[in-house]
There are 2 protein chains.
Amino acid sequence: MSTLADHIEAHIKRMLRSSQTNSVELSRAQMADDFSCVPSQINYVLSTRFTLERGYIVESRRGGGGYIRVGHVQVDNSYTHAISLLQSIGSELDDKQMENILAHLKDRHVISSGELQLIRGIVQQEVGGMSQGKNVLRASLVRSLLFFIMESRS
Amino acid sequence: MSTLADHIEAHIKRMLRSSQTNSVELSRAQMADDFSCVPSQINYVLSTRFTLERGYIVESRRGGGGYIRVGHVQVDNSYTHAISLLQSIGSELDDKQMENILAHLKDRHVISSGELQLIRGIVQQEVGGMSQGKNVLRASLVRSLLFFIMESRS
DNA sequence: CTTTCTTTGACTATTACTGACCTTAGCTTT
DNA sequence: AAAGCTAAGGTCAGTAATAGTCAAAGAAAG
């Protein structure tokens, strides 16, 4: 955690955790002021870190009394959810999609930080030198590895 | 220990040993500067010495505040270990991959130095005169031998 | 002498951050 | 109402800061 974006991300997540409702409302201008940055930096953080794929919903309103609301989607059974997430992996999976899924599963404590890194490492190694079909291999690898980890839990 | 790459390798391993968390974060540019070499030299060292097969996980981020993190995988977790081994021994295994795996296992005291040589010897003997399918045989042989050794320990 | 390993550098890719300009909602004044 | 003002937030493209890739040259080993 060292860039401004990382700090802002962490701060929003902290707010979310301490909120009863799994959602927080914030003022873009206020926040930018708190972190001494331009307002659009907040949009940058929201659009790169709080995506739907990672389980967040962002709503906003402009004009007087405008706001940004960030919600964390709760799913009661994280394993069920994880499995359906896995099944939604099609025959191809690009790197960014993979990262989002892994980040999401880690957020929900379905996988640990070490497991995340390991999966990333394995995929990187296997996919590495390929010129074609990376996304196909990545999809199948990620699916198998996650199934394997989840199997060994239940 | 005499090439630059060796020194860089040793340095990273020193950092790892003195770290509490089994992982260190470094700046590629900074490191290149410290060793007075081009940045890509760092990539060379990482990709030849800190591979998954040897038990290392390398992550990185580009852009502002970018970094390279090198982690040393703990083998205390049996499925983690199983995954990385199964993954690294595919249906084929060349000599270099085998050496990497053996070096890793010896490093972690899963096999002794004598067992390493024994495996090497057996494989050499069996694979020796073959003209085709060496890598296939090697893969299955090493898998079985390691399986045998690990079974006999637990 | 051939093969493998090391080192380098030019080119590429990714991420963070900023600022100028645009859009929307509510309120106030005619 | 309609027009205009004010107070939000949104977009996008450009710049800077990092890291990655690849091929070729050089060095070392067999």
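A base nitrogen of DNA strand D lies 3.1 Å from a polar backbone atom of G63(A). This is a polar contact, meaning a pair of N or O atoms within 3.5 Å; within protein, one must be able to donate a hydrogen and the other to accept it, and residues adjacent in sequence count only if both atoms are side-chain atoms. The model is predicted: local features need pLDDT of at least 70, side-chain atom pairs count only at pLDDT 80 or more, and totals for chains, interfaces and linings use all residues. Residues are numbered from 1 along each chain as its sequence is written, chains are lettered from A and ligands numbered from 1 in the order in which they are written, and side-chain values use heavy atoms, with hydrogens and water left out.

Other polar contacts to the DNA follow.

| Protein atom | DNA atom | Distance |
|---|---|---|
| R62(A), polar side chain | strand C, base oxygen | 2.8 Å |
| L4(B), polar backbone | strand C, phosphate oxygen | 2.9 Å |
| R62(B), polar side chain | strand C, sugar or linking oxygen | 3.0 Å |
| R62(A), polar side chain | strand D, sugar or linking oxygen | 2.9 Å |
| A29(B), polar backbone | strand D, phosphate oxygen | 3.1 Å |

**Around strand D**

DNA strand D is surrounded by 27 residues. A residue is near a strand if one of its heavy atoms lies within 4 Å of it. N43(A), R62(A), N43(B), R62(B) and G63(B) are the closest. Of the strand D atoms within 4 Å of the protein, 64% belong to sugar and phosphate. The nearby surface holds six nonpolar, 15 polar and six charged residues. Here Ala, Val, Leu, Ile, Met, Phe, Trp, Tyr, Cys and Pro count as nonpolar, Asp, Glu, Lys and Arg as charged, and the others, Gly among them, as polar.

**Around strand C**

DNA strand C also has 27 residues around it. Its closest are A5(A), S40(A), Y44(A), Q41(B) and Y44(B). The surface near strand C has 10 nonpolar, 10 polar and seven charged residues.

**The sheet of chain A**

Chain A has an open, antiparallel sheet of three strands, ordered β1-β3-β2. Strands (E, at least two residues) and helices (H or I, at least four) are DSSP runs, numbered from the N terminus. Two strands pair if DSSP finds at least two bridges between them. β1 (23-26) and β2 (56-61) of chain A are at the edges with a single partner strand each, so one side of each has no neighbour in the sheet. Six bridges join β2(A) to β3 (residues 67-72) of chain A. V58(A) faces V70(A) in β3(A).
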